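Please find below my notes on the model, set out as numbered points. They concern strand pairing and aromatic contacts.

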Amino acid sequence: MALVICRRFPGRVRGTRPRPALIKYHAGKKLPGHTCENCVLTAKEISTDIRMAATLKLLQPLGYQVFCSPFTYNGTPSVAYWNVGSSCSRPGGQDPGKQVKSPCSTSSSRRILQTSGALLGLEFNKASASKVSTLQPDSPSTMSVEENVEAFDSFEDPRAFLQLRPEYQLHSYNRSETGPPLSLSEGELILYEITAFQHNLQPHVIADYFCKLSSLPAEQHPVLLSSAGFTLLCRLSVENIQLFETPELISILKAFASLGLPHSHPMLDVFETRFCHQVWKMSLDELLLVADLWRNLGRRVPRFFKIFFSYLNFHWKDLSLPQLIHLIYIIGENRQGPQDLMQKLESLILNYLELINLEEIGTICLGFFKSSSSLSEFVMRKIGDLACADMQHLSSYALVNILKMFRFTHVDHINFMKQFGQIAPQRIPSMGVQGVMHLTLACSALRILDEGVMNAVAASLPPRAAYCRSKDVAKILWSFGTLNYKPPNTEDFYSSLISEIHRKMPEFNQYPEHLLTCLLGLAFSEYFPTELIDFALSPRFVRLAQERSKFELTKELCTLDGTVGVECPDYRGNRLSPHLQQDGSEMLWNLARKDMNSKPEFLEAHFLLETMLGGPQYVKHHMILPHTRSSDLEVQLDVNMKPIPFNREAILTQELDKLRLKHVGVSLTDTLINQLLKGKSKGHFQGDVESKTEQQPVELERKAVPCWGGPLCSMTDKSGAVAMTDPAHLPAPQVKLAVQLTNKNQYCYGSNHLLGLHNMKRRQLLRLGYRVVELSHWEWLPLLKRTRSEKLAFLHEKVFASVL
């Protein structure tokens with residue numbers, strides 16, 4: 001219990017504002033050893049408004065000055081003697097406008113202020129302090145976290161490179177390196193001094209107070225941040241913001257990071273603005289340190305980085321190796337970097353490449369990957385060569401980061417992937433599922449099917465599927481489906497992940513794209529969980545996918561819907577609306593047509609097929625299965641294995657061309673002029689001209705090319721009208737061929753093993769009665785340099801040998 005002595009002074013009394021904790025504890029009680037009624041503390045007499053404002057806007061200046069008098073101290077830490085006097089009692093009559101030091105000595109003040117934290121509005125939780133102190137780094141509870149392979153710190157783990165060189169300490173913030181620890185009583189003294197001498201605190205003193213308070217025990221930081229004294233200190237720093245030197249600004253920002261100031265705290269807006277004004281006056285080390293502190297505070301500061309990057313465009317050549325690595329890390333955590341600057345940094349990477357160690361290479365790759373900045377193929381091959389030279393000593397974290405960049409740049413470093421395939425199966429059981437996911441996704445993106453790696457992934461996942469995020473489940477299922485690979489423990493592997501999808505349904509409401517990725521990966525592997533498909537195609541989820549996701553998911557929805565329509569004939573659940581199906585089909589067809597018509601090898605194959613079969617009416621370029629995202633050249637053969645002119649669009653185009661030619665006109669000849677002079681009738685003249693100029697060519701053409709076009713196939717009568725052919729006259733096709741011109745990106749790397757989407761398409765074509773004729777890239781591309789007859793012979797064999 002604290003003893004407070006109240007004395008009356010003539011004139012206006014200045015004293016400390018009563019504290020909530022003091023009011024709560026001493027309200028209605030007499031002070032021991034005193035009988036004066038004026039010394040009885042009641043809540044009404046003390047204050048009716050006991051709360052201090054928590055924001056700078058509401059914080060009002062305290063019109064009090066306090067000085068203490070060291071009465072007899074009995075050694076009881078809960079007792080203090082306070083002497084509240086007028087401001088005119090300052091020793092020596094010091095001008096209040098000048099800086100004032102504490103009138104009482106520091107040592108005596110610290111003795112006196114070993115009190116209950118309530119006197120200063122700081123109810124320090126000593127119980128929590130003792131509890132935390134018992135949890136040492138070597139205690140069993142912390143050891144179990146360290147031994148858990150799933151324990152991944154998304155903040156600390158990417159910063160491990162900062163321990164590799166002592167130079168990093170010049171421009172990085174280390175949370176573990178704090179100043180001398182500050183006791184609770186010392187913290188209470190500082191808060192008292194802030195209140196007592198607020199009008200006389202110089203900028204360097206304010207900065208020093210921030211630094212000292214940040215050294216309080218960590219469990220007391222939330223109490224400090226909510227205290228009135230700290231709020232007052234923040235207000236004073238804002239008032240003096242223009243007077244701080246750069247080192248003082250940085251020291252305050254360090255204190256904010258140490259105290260865990262919320263990233264939305266209004267103080268940080270003020271300091272960001274101030275640092276923006278200081279950028280061009282700071283050194284590279286200072287700028288990197290400030291950027292690192294913003295990262296520690298978890299605050300995005302786009303204004304600061306915009307100016308910082310402008311500065312770097314002029315000073316990038318001055319970056320040392322540690323500064324370069326640290327900068328790339330910061331750019332990655334910021335998730336963006338100007339492309340012109342990233343190209344300059346790439347040239348620096350090449351200069352320093354022989355001096356960079358493997359872990360720093362991992363940091364470079366992660367920084368470029370997170371900022372969506374590409375590295376050239378030349379640099380990536382250099383990085384791959386360095387990693388291959390000592391991959392055994394490359395940490396799993398750095399290995400994953402390098403793989404991420406290979407995935408992003410699509411560079412196929414074969415030696416790297418071979419060595420990766422040798423060491424990955426042994427490492428996968430000791431890696432967290434997030435790392436395993438990235439390894440698997442890299443393999444699928446690079447189209448590299450390494451059965452040893454995939455089997456190790458499949459074997460390690462079922463026991464720890466619960467550790468997977470919805471994203472992990474989605475990417476792993478997609479990777480196995482894309483590589484068209486089923487591991488030895490297929491049933492166990494897929495059942496565990498499908499069960500995990502059910503448990504993670506709330507996450508899929510937030511990230512709908514992950515559910516569609518899961519279901520498409522399963523569909524590639526011929527797994528169709530109908531209850532999940534029914535939910536994914538429901539109007540509610542479709543609307544959610546279109547509104548909430550940052551991705552355009554129409555293609556994914558159409559692929560899933562079309563696949564269910566072909567491969568799940570007994571499915572009776574939700575389907576996409578006809579309108580959305582049509583929109584998706586048009587979108588996919590436009591993309592496929594544009595892609596194929598840009599490829600010379602496809603255009604030549606299409607033209608030669610038309611030539612070989614007799615014209616465009618025998619070949620149709622379209623999407624037989626629109627949801628599979630790729631087009632084909634369809635050919636139909638009758639019972640005699642002769643091509644059927646089924647392409648109605650081509651036939652209609654031919655007939656319309658003939659109709660237009662019919663009305664172009666006739667040649668003026670002497671005979672025609674004589675007939676006109678003799679006054680031949682219009683009808684006789686017209687019939688005669690038709691018989692000589694049109695009838696025979698049209699008849700010959702119709703004999704050469706029978707019209708099987710149905711309602712879109714037309715014949716013209718003599719009046720120019722278009723007459724439709726009865727669809728019943730079309731012969732039923734005996735064989736329907738889907739001619740596909742494939743490329744290397746449809747296969748696993750260096751093999752003829754089809755990837756999941758293309759394998760699924762062929763599976764569905766077979767279900768619909770088509771025969772697939774493949775013009776593989778390893779056969780067709782070399783033929784492009786051969787003669788026309790050789791190409792036609794190749795196509796003839798492909799088309800007609802396929803039906804035998």
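1. In this predicted model, three bridges connect strand 1 with strand 2, and the two strands pair in the antiparallel sense. One residue pair may serve as a reference when inspecting the coordinates: H622 has D632, in strand 2, as its bridge partner.

2. Strand 2 (residues 632-637) is also joined to strand 5 (residues 735-741), by five bridges, and these two strands likewise run antiparallel. Here L637 is partnered by V735 of strand 5.

3. These pairings belong to an open sheet of four strands, ordered 1-2-5-6, in which the pairing is mixed. Strand 1 (620-622) and strand 6 (770-775) form the edges, each pairing on one side only. From one strand to the next, the twist averages 30 degrees. Helix 34 (residues 756-767) packs on this sheet and touches strand 2, strand 5 and strand 6; the angle between its direction and that of strand 6 is about 140 degrees.

4. Is strand 2 covered or uncovered on its two faces? Both faces are covered: D632, E634 and Q636 are buried on one side, as are L633, V635 and L637 on the other. The two sets follow the general pattern in which side chains of a regular strand alternate between the two faces of the sheet. Because six of the six residues of strand 2 are buried, the strand is largely enclosed by the rest of the structure.

5. Turning to the aromatic residues, a search of the whole structure yields 23 aromatic pairs. One of them is formed by F210 and F230, whose ring centres lie 5.8 Å apart; the planes stand at 90 degrees, so the pair is classed as edge-to-face. The pair links distant parts of the chain, with F210 in helix 7 (residues 203-213) and F230 in helix 9 (residues 228-239), 20 residues apart. Both F210 and F230 are buried.

6. A stacked arrangement is found for Y494 and Y527, with 4.4 Å from centre to centre and 20 degrees between the planes. This pair also links distant parts of the chain, 33 residues apart: Y494 lies in helix 23 (residues 490-503), whereas Y527 lies in the loop between helix 25 (512-524) and helix 26 (530-536). Y494 has 0% relative accessibility and therefore counts as buried. Y527, at 17% relative accessibility, also counts as buried, because the cut-off is under 20%.

7. Finally, F210 and F230 should be viewed together with F256 and F271, since ring pairs link these four residues into a cluster.

Technical notes: Residues are numbered from 1 along each chain as its sequence is written. This is a predicted model: local features need pLDDT of at least 70, side-chain atom pairs count only at pLDDT 80 or more; totals for chains, interfaces and linings use all residues. Side-chain values use heavy atoms; hydrogens and water are left out. Two strands pair if DSSP finds at least two bridges between them. Axes are lines fitted to C-alpha atoms, for helices over the stretch in contact, and angles run from 0 to 180 degrees between N-to-C directions. Contact means heavy atoms within 4.5 Å. Buried means under 20% relative accessible area, exposed over 50%, partly exposed in between (1.4 Å probe, protein chains only). Rings of Phe, Tyr and Trp (its six-membered ring) pair if their centres lie within 6.5 Å; planes under 30 degrees apart count as stacked, over 60 as edge-to-face and the rest as tilted.
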